[in-house]
Amino acid sequence: ISQNEIYNQFLLYMFFSLNKNIVIVTPTLNDANGLYKDLEVYLKDKVYIFPDDDYLTKKAIATSPELMYMRMKFLNEINNTDKKILICHTNSFLKKLPKKENLKEKIINIKINKSIKREELVNKLNEIGYKRESLVTNTGEFSVRGFVVDVFPFFEDHPVRIEFFDDTIDEIKYFDENTQLSI
């Protein structure tokens, strides 16, 4: 048995015997990723990693959809009452998280027949970190063509096509990111 496996088993023992959330701070992002991958095998939806935006920007990988997904997954589940393990590296631990109210303000709820200006939707998507592309193929991307806005939301398997009629949402449908055809 390796020293890492003994450490992982100890963490699992602590997680299952204590009735509390656990925060693990590692020295580097690589250490955090390694521990996350080890524990995810055992805990699937109960272990989260929270990489730091500034650190990622400095390393020129801030646009990584996988890392953005990890941050969003954690922030989305933070109020869930289930026990969880949060893994982060020192920089992300020292950085303050946004207030819950600020996160709630950033949620975009859309539905058919809802009135919203297309440009307002585009601005909100930009504001919350979606990347504008000519075609949507990865999570965290959006594109605009006339009265159509394509968005690949986090936690969805496929992107969504939002069709406007003036300032009203006329149609919402999933589409295949490879063929760009409606599902």
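In the predicted model, Arg161 has a relative accessible area of 8% and is therefore classed as buried, the cut-off being 20%. Arg161 belongs to strand β7, which comprises residues 160-165. A salt bridge joins this side chain to Asp150, with 2.8 Å between the closest N and O atoms. The pairing connects distant parts of the chain, since Asp150 is placed in strand β6 (residues 148-151) and is separated from Arg161 by 11 residues. Asp150 is likewise assigned to the buried class, because its relative accessibility is 0%. The interaction extends to a further residue, as Arg145, Asp150 and Arg161 form a linked network of salt bridges. Arg161 also takes part in a contact of another kind: its charged end lies over the ring of Phe175, at 4.0 Å from the ring centre.

Glu177, located in the segment that follows β8 (168-174), presents a contrasting case. This residue is buried but forms no salt bridge. The nearest side chain of opposite charge is that of Arg161, at a distance of 9.8 Å. When residues up to four places away in sequence are disregarded, Glu177 makes contact with Val136, Thr137, Phe152, Asp157, His158 and Pro159.

In total, seven salt bridges are counted in the structure. Among them is the pair formed by Glu171 and Lys173, whose side chains meet with an N to O distance of 3.6 Å. Glu171 is partly exposed, given its relative accessibility of 31%, and Lys173 falls in the partly exposed class with a value of 24%. Another salt bridge is found between Lys124 and Glu120, with the closest N and O atoms 3.8 Å apart. These two residues are both part of helix α7 (residues 118-127), where a spacing of four residues corresponds to about one turn of the helix. An α-helix has 3.6 residues a turn, so positions three or four places apart point the same way. Relative accessible area is 33% for Lys124, which is accordingly partly exposed; Glu120, at 37%, is also partly exposed.

The aromatic side chains contribute one pair to the structure. The pair consists of Phe15 and Phe16, with ring centres 5.2 Å apart; because the planes meet at 75°, beyond the 60 degrees required, the geometry is edge-to-face. The two partners fall on opposite sides of the accessibility scale. Phe15 is buried, as its relative accessible area is 1%, whereas Phe16 is exposed at 56% relative accessibility. The ring of Phe15 has an additional partner in Lys83, whose charged end is positioned over the ring at 4.8 Å from its centre.

Helix α2 covers 15 residues, from 29 to 43. At 1.5 Å a residue, a span of 21 Å is expected for this helix, and the separation of 20 Å between its end C-alpha atoms therefore agrees with expectation. Its buried residues are Leu29, Ala32, Asn33, Leu35, Tyr36, Leu39 and Leu43. Of these, Ala32 has a relative accessible area of 0%, and so is assigned to the buried class. The C-alpha atom of Ala32 is 5.8 Å from that of Cys88, although 56 residues separate the two along the chain. Apart from neighbours within four places in sequence, the contacts of Ala32 are with Thr26, Ile49, Ile87, Cys88 and His89. Lys44, which follows α2, adopts a positive phi near 40°.

Positive phi values also occur at two loop positions. Most residues other than glycine have a negative phi. Asn113 is not a glycine, yet its phi is positive, at about 75°. The residue is situated in the loop between α6 (100-106) and α7 and, with a relative accessibility of 61%, is therefore exposed. Asp166, also not a glycine, has a positive phi of about 60°. Its position is in the loop that lies between β7 and β8, and its relative accessible area of 55% places Asp166 in the exposed class.

Terms used:
Residues are numbered from 1 along each chain as its sequence is written. This is a predicted model: local features need pLDDT of at least 70, side-chain atom pairs count only at pLDDT 80 or more; totals for chains, interfaces and linings use all residues. Side-chain values use heavy atoms; hydrogens and water are left out. The expected span of a helix is 1.5 Å times one less than its number of residues. Buried means under 20% relative accessible area, exposed over 50%, partly exposed in between (1.4 Å probe, protein chains only). Rings of Phe, Tyr and Trp (its six-membered ring) pair if their centres lie within 6.5 Å; planes under 30 degrees apart count as stacked, over 60 as edge-to-face and the rest as tilted. A charge sits over a ring if NZ of Lys or CZ of Arg is within 6 Å of the ring centre and within 35 degrees of the ring normal. A salt bridge is a side-chain nitrogen of Lys or Arg within 4 Å of a carboxyl oxygen of Asp or Glu. Lys and Arg count as positive and Asp and Glu as negative; His and the chain ends are not counted. Contact means heavy atoms within 4.5 Å.
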